[in-house]
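Here is a short, friendly briefing to read with the viewer open. Please keep the sequence and the structure at hand as you go through the points.

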Amino acid sequence: MIPTIQASPEETYDIELEQSLLQANAKLAAENRAQLDHHGVTAIDFMGAIGSGKTTLITRLVEKFKDQLNLAVFNGDATTVDDVNLIASQGVPTVQLATVNGCHLDANLVGKALLKTDLKKVDLILIENIGNLICPAEFPLGSRARVVVVSVTEGPYMVKKHPHMFLGADLVVINKTDLAEVMGVKVADLARDAHTLKPDLKVVPTSCKTGAGLDEVAAALLAVTKSGVHA
Amino acid sequence: MHELSIVSGLVESVLDFVAARSIKKVLGLRLCVGELTHLETEQLRFCYTAMTEQTAIHGSTLEVETVPAEVNCAHCSYQGPPKYWDEALASAPVATLQCPRCGLTAEATRGHECEIKTIKYVT
């Protein structure tokens, strides 16, 4: 008689799956990056709260880079088109990434924007993420560097309150320094907090109004771009 | 509320898993979430309950396990738990990338994960 083991009609299984939920975005981000690298294009992602000055900083950088690099700008915006119109008025190819209710850009949206961009004619893409200091941290886009823009008008605790955003940053811009005194916020304290989280983080205080610090930001981003071109 | 995008991916993959097998009922899932992610357990659970309503996995439970962070320092070869920022005024300790031994920048080797670890179901 051959022994037979029959599964009972109802059986409970507890099996290992080990499936990453961030993997889908990470994979698309890697594909974006490979496509950019293939064309010698550098993408830089700008993150920061609403009103920190991301759009203004990008317009100032466009002015600085326009004559030496072929630029494109992707504007992430939940609903409005003011930002993308402002950048487009500078004569730079732009793509609006409308997330509608989404609180962050993801690699899929950026991949679609890349399809609408002639990568043979572009050296540098500046990507403006959705105004949010939390959600975008979890979603890499395929950029070569991530910039976090924080402004003194947001108060003295922005770095402490959003550590994850700064842990993943390559460059921190402390903006609106012309208002630091009236706001009673010490730029050095924000910089110290950023360095507590990540000692080698490059921090540049700027004022898009007076132009202070903008050359330093441009130089840092240019260095990243050059490293991409020759990679 | 990026928990919503994470949970929508989670629900989608579990529904795919169920559709591909003869599964009568999914009892529960175990999720591993790294300390360095910005994911809140309560919000993940809330989104899961809301999003599984009227699906084949309605009524299943979501257990969330936190994976502690770990760093690796290229400067002094330290490997282990990160340095925590005590004065950050946070309710929970804030992990930093400052090497606990030499103070230079370390790299996170653990703490960024967000994985479905196990799935429990009845056939």
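**Aromatic rings and a helix**

Ring pairs join A:Tyr13, B:Phe17 and B:Tyr121 into a cluster. Please bear in mind that this is a predicted model. The notes below start with that cluster and then turn to a helix of chain A.

**The ring pairs**

- Over all chains, the structure holds two aromatic pairs.
- A:Tyr13 and B:Tyr121 have ring centres 5.4 Å apart and planes at 25 degrees; stacked pairs have planes under 30 degrees apart, so this pair counts as stacked.
- This stacked pair crosses between chains: A:Tyr13 belongs to strand 1 (residues 12-20) of chain A, and B:Tyr121 to strand 8 (residues 114-122) of chain B.
- B:Tyr121 also forms an aromatic pair with B:Phe17, this one edge-to-face, with 5.8 Å from centre to centre and 65 degrees between the planes.
- The edge-to-face pair links distant parts of the chain, as B:Phe17 sits in helix 1 (residues 3-19) of chain B and B:Tyr121 in strand 8 of chain B, 104 residues apart.

**Surroundings of the rings**

- A:Tyr13 is partly exposed, its relative accessible area being 32%.
- B:Tyr121 is buried, with a relative accessible area of 7%.
- B:Phe17 is buried as well.
- B:Arg21 lies over the face of B:Phe17, at 3.8 Å from the ring centre.

**Helix 1 of chain A: span and sides**

- Helix 1 of chain A (residues 23-38) has 16 residues, and the 22 Å from its first C-alpha to its last is close to the 22 Å expected at 1.5 Å a residue.
- Which residues of helix 1 of chain A are buried? They are A:Asn25, A:Ala29, A:Asn32 and A:Leu36.
- These buried residues cover an arc of only 60 degrees around the axis, so they lie on the same side of helix 1 of chain A.
- The general background is that an α-helix has 3.6 residues a turn, so residues three or four places apart point the same way.
- On the face of helix 1 of chain A turned away from the buried side are the exposed residues A:Ala24, A:Lys27 and A:His38.

**Helix 1 of chain A: neighbours**

- The buried residues of helix 1 pack against three elements of chain A: strand 2 (42-48), helix 4 (107-115) and strand 5 (124-128).
- Just after helix 1 of chain A comes A:Gly40, which takes a positive phi of about 65 degrees.

How values were computed: Residues are numbered from 1 along each chain as its sequence is written. Chains are lettered from A and ligands numbered from 1 in the order in which they are written. This is a predicted model: local features need pLDDT of at least 70, side-chain atom pairs count only at pLDDT 80 or more; totals for chains, interfaces and linings use all residues. Side-chain values use heavy atoms; hydrogens and water are left out. Helices (H or I, at least four residues) and strands (E, at least two) are DSSP runs, numbered from the N terminus. The expected span of a helix is 1.5 Å times one less than its number of residues. Buried means under 20% relative accessible area, exposed over 50%, partly exposed in between (1.4 Å probe, protein chains only). The arc is that of the directions from the helix axis to the C-beta atoms. Contact means heavy atoms within 4.5 Å. Rings of Phe, Tyr and Trp (its six-membered ring) pair if their centres lie within 6.5 Å; planes under 30 degrees apart count as stacked, over 60 as edge-to-face and the rest as tilted. A charge sits over a ring if NZ of Lys or CZ of Arg is within 6 Å of the ring centre and within 35 degrees of the ring normal.
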